[in-house]
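Biologist: Could you take me through one part of this predicted model up close? I'd like the place where the two chains meet, with whatever surrounds it that helps me read it.

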Amino acid sequence: MKKSTFLVFTMPSFIMMTLFIALPLLIVLIQSFQFNQDVLETIERENCDPFGCKTETITVPVLDENGNKIKNNIWVGFQNYKNILKFEQLSSVISNDGFEWSKIRSIDFYKALRFTLTFTFITLPFVIILGLILALCVNVLINRLKGPIIFITLLPFIITPVIGALSIKWLFIGDGILTLFLENILDKDIALFSQGWTIEILMLFYRVWHTIPFAFVIFYAGLQTVDKEKIEAAFVDGANRLQRLRFIIIPHIMPLIVFVALIHLMDSYRVFDEIVGFSASGFRISLQWMTYDFLRIDDSGTRSIGRASATSVLTMIGIIIILIPVLRRTFKEQKEKRL
Amino acid sequence: MKKIIVIFAIFTSFFFLAGTNAKACELNNSVPVTSLSAGFDAWKVVTSAMEECGNFTPTLDQEYRDKLVASLESNPSQFTMAGVSASTNVSVLDAGVTRPLDDLVAKYGDSLQDNQKIVIDGKIMAIAMMTNAQHLFYREDILSDLGIDIPTTYDELLKAAKVIKDAGVVDYPLGGTFKSGWNLGEEFVNMYLGFADSFFDGNMPAVNNNDGYETLKMMKKLTEYMDPEYLTSDSTYVQQQFQQGKIALANLWASRAGAMDNAEESTVVGLVKFASAPKAKKNGKPASTLWWDGVVIAKNVTDEEAEAAFKLAMVGLDPANLGANPEAAPWLSNAFDPAPSNIGAILTAKSGAAPYPASAKMSTLHGVLGAAIGDYLTGAATAKATLEKIEADYITAATEKGLL
């Protein structure tokens, strides 16, 4: 292809990517080194409400001649990162009383990181293994059943994540139907939303349930391309079902497994919907939830853009670190193929 | 042909309905007006009366504070008017996005009383319609069956809770709006003001002290008598617990009192009574804060729109309209007697509860409290560590905002 043709064809997508991906990333990076403040002044203000009048000394934003707040971006270096990572507190915990998890947990970032990592790595094998089993099962069904079964299996994936999380929550919270059912069976008072670990299990379960269809569809498509002659040859050579799976099918769909793992790692490291849907923020928080929480406007009408940007950057770095092994593998394979 | 007739019939009935609706309001509003407010009963009463005047679109949203400032800040404003509370009024005041109402009050505000006018540095910036406070809701039948007096202090409340628990008449003796976030922060604010007077020393926090410690300890004692899922329980959840007869005592918002006798939802009609919020210390003030809710009009709208909005608001806040729904809230109007469901708020105010100390620094602290206390209640952190964390997190947030 001629260089100019190549440029013409790629230019639109290049411009879009710069505009909608690279530029926002750059802005977030810049903001993470800044405090976004209102210019403030301390004044005396007389305030009369139904409970009486009082004059108070308060700090309020200065307004310009159009009546808008004057915003000020101050460079603060790594202060936002320090405020989130709290290295001094961390090092004092570790050096003073040995390694005490409960104290490290009291720092929001590590609490969130702990949950995010557990969430990501526990759901991954479940999604891949259960998705593969499902695909293998559907693959041997008679053709007439395949369509309806595939449709039903896809349903959890179609549901909007927050809605799905809410419905699972309502099944279990308080005297939800399933809680009552469990209470009847076990003859015990059950409160699944009164401690962290039960909510965590529900959230893990929900994510696995919600993502399996994705893995299933990809694997099922992959199984259609397995060389039938190879399987038959293995069968003639006396390989049993498990051996055929291990030595022929899995190597064949390995690139797909890597692909599903890649997508799932990226997706679940950004866990957020579950925290909101299950009202879990009192017990468990994730890195993305921290960003959201910093971005929420409080009653004074301000938000922590600096710390929100810093958590975003840290989340991004985290995703990159997690993806490195998978990406390296893919890269190596590509190279081998070229040779 | 048949179809056409049916469609025609439906259309004409719409016109007919619209006609009767317009008659309920004497004002014929021709300027489109929109509003943003919280969604509890009082706002439903006010906005539905305003809707009858035509061309009025209310947005009722319990999470309205998330979009309040941003939507009024844009030019032209996304909403002509908004419903605010004592605390969110500070955010719109600080942002300078609301307009003084003195001219409009002089022209159309004859029905207003002086205590409804929120006057900031001599200018009327908002019209209050109701007060609100968290106060004691109790099941009269259970208390009298077990021979318990109405608790006036939190120690008495805990004793009562124990008796009720031992008797086993309800699932949980206590309810509480302990949902982590704003609700939990408000519980701390209420209880702390029962022990102490001030949260701040200048702009620095002053809660890491014995009063803060006592507050946390009391909150934890209360949770022992609650549904263990208290960290997900908000006002609506506690209201439903009462309505379904699952709890016997709670400190709940006055604006929820009317719902106790709503026969469509409640199984305990006539059994829930109201009293002042209990005191934290024997001779102290009630552990509660007084709030008001009211109406502001955006600055970034035309004078014509602002005038229409104010006239509509006067229809909504008309004593005749409020008097027809006295149970919906402790209205500020003196034109009619308060409903029995408002007695708790009145008693709480009379026993000297403090107004919510709304300010930018208070909003910052409130957010920090709501996020930090959950870990103490579940036992993941000690009281000392929690108070230290509150102080440190406040300083971080306040420094970032430029308050320190």
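**Where chain A meets chain B**

Modeller: Let's start with one residue: Asn47(A) stands opposite Ile120(B), which belongs to E4(B). Right beside that pair, Cys48(A) has Val119(B) in E4(B) as its bridge partner. Those contacts are part of a strand pairing that crosses between the chains: E2(A) and strand E4 of chain B, residues 117-120, run antiparallel and are joined by two bridges. Keep in mind that this is a predicted model, so everything here is computed from it.

Now look at what E2(A) does within its own chain. E2(A) pairs with E3(A), again in the antiparallel sense, over ten bridges. The two strands are linked by a hairpin of two residues. Asn47(A) turns up here too, with Lys54(A) as its bridge partner in E3(A). So what does Asn47(A) face in E4(B)? As above, Ile120(B), while Lys54(A) is its partner in E3(A).

Step back to the whole interface. Chain A puts 50 residues into the contact and chain B puts in 52. Together the chains bury about 4,400 Å², and 49% of that lies on carbon and sulfur atoms. Which three residues of chain A supply more of its buried area against chain B than any other three? They are Pro50(A), Phe51(A) and Asp299(A), with 17% of the area that chain A buries there.

On the polar side, the interface between chain A and chain B holds seven salt bridges. One to look at is the pair Lys389(B) and Asp108(A), whose side chains meet at 3.3 Å, N to O. There are also 16 residue pairs in polar contact between the two chains, counting pairs with both residues at pLDDT 80 or more.

As for which elements of chain A take part, those giving two or more residues to the side that touches chain B are strands E1 (34-38), E2 (40-49) and E3 (52-61), plus helices H2 (79-85), H4 (101-105), H5 (108-139) and H14 (305-338). E2(A) gives the most, with seven residues. By class, that side of chain A has 15 nonpolar, 19 polar and 16 charged residues.

It helps to see how each chain is divided. Chain A splits into domain 1 (32-77) and domain 2 (101-338). Their centres, taken over C-alpha atoms, are 44 Å apart. Five residues of domain 1 of chain A are in contact with eight residues of domain 2 of chain A. The area buried between these two domains is about 390 Å², with 54% of it on carbon and sulfur atoms. Ser32(A), Asn36(A) and Lys69(A) supply 78% of what domain 1 of chain A buries against domain 2 of chain A, more than any other three residues. Between these domains there are zero salt bridges and zero residue pairs in polar contact, with both residues required to be at pLDDT 80 or more. The side of domain 1 of chain A that touches domain 2 of chain A has no nonpolar residues, three polar and two charged.

Chain B is put together from domain 1 (2-132 + 291-346) and domain 2 (133-289 + 348-401). Here the centres are separated by 30 Å over C-alpha atoms. The contact between them takes 19 residues from domain 1 of chain B and 22 from domain 2 of chain B. These domains bury about 1,600 Å² between them, and carbon and sulfur atoms give 57% of it. What about salt bridges between domain 1 and domain 2 of chain B, and how many are there? The count is zero. The polar contacts, however, come to ten residue pairs, with both residues at pLDDT 80 or more. On the side of domain 1 of chain B that touches domain 2 of chain B, the elements giving two or more residues are helix H4 (86-95), strand E5 (123-139) and helix H13 (343-350) of chain B. By class, that side has eleven nonpolar, five polar and three charged residues.

If you go back to the display with one thing to follow, make it E2(A): this strand pairs with E3(A), pairs with E4(B) across the interface, and gives the most residues to the side of chain A that touches chain B.

Technical notes
Residues are numbered from 1 along each chain as its sequence is written. Chains are lettered from A and ligands numbered from 1 in the order in which they are written. This is a predicted model: local features need pLDDT of at least 70, side-chain atom pairs count only at pLDDT 80 or more; totals for chains, interfaces and linings use all residues. Side-chain values use heavy atoms; hydrogens and water are left out. Contact means heavy atoms within 4.5 Å. Buried area is the accessible area (1.4 Å probe) that two parts lose on being put together, summed over both. A salt bridge is a side-chain nitrogen of Lys or Arg within 4 Å of a carboxyl oxygen of Asp or Glu. A polar contact is a pair of N or O atoms within 3.5 Å; within protein, one must be able to donate a hydrogen and the other to accept it, and residues adjacent in sequence count only if both atoms are side-chain atoms. Helices (H or I, at least four residues) and strands (E, at least two) are DSSP runs, numbered from the N terminus. Ala, Val, Leu, Ile, Met, Phe, Trp, Tyr, Cys and Pro count as nonpolar, Asp, Glu, Lys and Arg as charged, and the others, Gly among them, as polar. Two strands pair if DSSP finds at least two bridges between them. Domain bounds come from an automatic or database domain assignment.
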